Amino acid sequence: MYNKIMDWKLFCEELGQRLKLARKKASLTQEDLAKAIGITRRYVIQIEQGKAHNVTFNVIFDFLKVCNVRAGEFFAELEKLMDEKDFEDVINETGLKYATDLTLEQKQKIDR
């Protein structure tokens, strides 16, 4: 039986781990990142631990931008990983399948 809640939880955990790796690779502290994108350090911790189940794409895009990670590549890699873990329903429901099909305005925001 398909368990949406479990898949969503696992997805959030994987997303958080990937974002944490991006932050560490950029040599940023949680506090540095939080200040740069206008959120609290506590929220950064929740995101990285996979406990922020309502994180928005804007926060994720800002997170990636500050870490100097291209969003399209990040989401393509995450989508591939989710496919491998058989989370296709999560990908479809969150819109990740189309995350690389960004609007021009979104691309400009990310590339700034």
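Reader: Where do Phe57 and Phe61 lie, and how many residues apart are they?

Author: Both lie in helix α4, four residues apart, which is about one turn of the helix. Helices here are DSSP runs (H or I, at least four residues), numbered from the N terminus. Bear in mind that this is a predicted model: local features need pLDDT of at least 70, side-chain atom pairs count only at pLDDT 80 or more, and totals for chains, interfaces and linings use all residues. Residues are numbered from 1 along each chain as its sequence is written, and side-chain values use heavy atoms, with hydrogens and water left out.

Reader: What makes Phe57 count as partly exposed, and Phe61 as buried?

Author: Buried means under 20% relative accessible area, exposed over 50%, partly exposed in between (1.4 Å probe, protein chains only). Phe57 has 35%, so partly exposed it is. Phe61 has just 6%, so it's buried.

Reader: Why is the pair of Phe61 and Phe75 called edge-to-face?

Author: Their ring centres are 5.7 Å apart and their planes sit at 90°. Rings pair if their centres lie within 6.5 Å, with planes under 30 degrees apart stacked, over 60 edge-to-face and the rest tilted. So edge-to-face fits. This pair links distant parts of the chain, Phe61 in α4 and Phe75 in α5, 14 residues apart.

Reader: How many aromatic pairs are there, and what makes Phe57 and Phe61 a stacked one?

Author: There are four. For Phe57 and Phe61, the centres are 6.0 Å apart and the planes differ by 25°, so the stacked label applies. Phe57, Phe61, Phe74 and Phe75 form one aromatic cluster.

Note on methods
Helices (H or I, at least four residues) and strands (E, at least two) are DSSP runs, numbered from the N terminus.
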